[in-house]
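Student: Could we go through this model together? I should like to begin with the strands and then turn to the core.

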Amino acid sequence: SGFNTQGGGTFAAEWDPDAAHIRTWFWPTGSAPADVTANKPEPHLWGVPYSYFSLATKVCSAQHFKNMRLVFDLTFCGDLGNALWGS
């Protein structure tokens, strides 16, 4: 409920095999950088990421991340969707 109470926000993720990392960022609603809202992302300008995962071969096998899928769960059947689950 904290996420919704604060009005949501924007998440961004960067998977860069050349730089050997995965990084993520989060900005509360209305505070995403201008390059993000302009659909011209420049991750090097975003400051310290929310999370950082090294893909360096000494830390993470190249076979660990393959055949990946990104799944978005946009659960619309909550209170805003006039929930009828219990009916």
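Tutor: The following exchange covers strand pairing, one histidine and the nonpolar core. This is a predicted model, in which local features need pLDDT of at least 70 and side-chain atom pairs count only at pLDDT 80 or more, while totals for chains, interfaces and linings use all residues. Residues are numbered from 1 along each chain as its sequence is written, and side-chain values use heavy atoms, with hydrogens and water left out.

Student: How many bridges join β1 to β2?

Tutor: Eight bridges connect β1 (residues 9–16) with β2, and the two run antiparallel. Strands are DSSP runs of E, at least two residues, numbered from the N terminus; two of them pair if DSSP finds at least two bridges between them. T10 stands opposite W27 in β2.

Student: And what is the bridge partner of I22 in β3?

Tutor: That partner is F53. Four bridges join β2 to β3 (residues 51–54), again antiparallel.

Student: Is H21 buried or exposed?

Tutor: H21, in strand β2 (residues 21–28), is buried, because its relative accessible area is 9% and buried means under 20% (1.4 Å probe, protein chains only). Its side chain makes a polar contact with that of R23 at 3.3 Å; such a contact is a pair of N or O atoms within 3.5 Å, one able to donate a hydrogen and the other to accept it.

Student: Changing topic, which residues form the largest nonpolar core?

Tutor: Six residues form it: A12, W25, W27, A32, V36 and W46. A nonpolar core is a set of buried Ala, Val, Leu, Ile, Met, Phe, Trp, Tyr and Cys residues joined through side-chain atoms within 4.5 Å.

Technical notes: Buried < 20%, exposed > 50% of the residue type's maximum accessible area, 1.4 Å probe, protein only.
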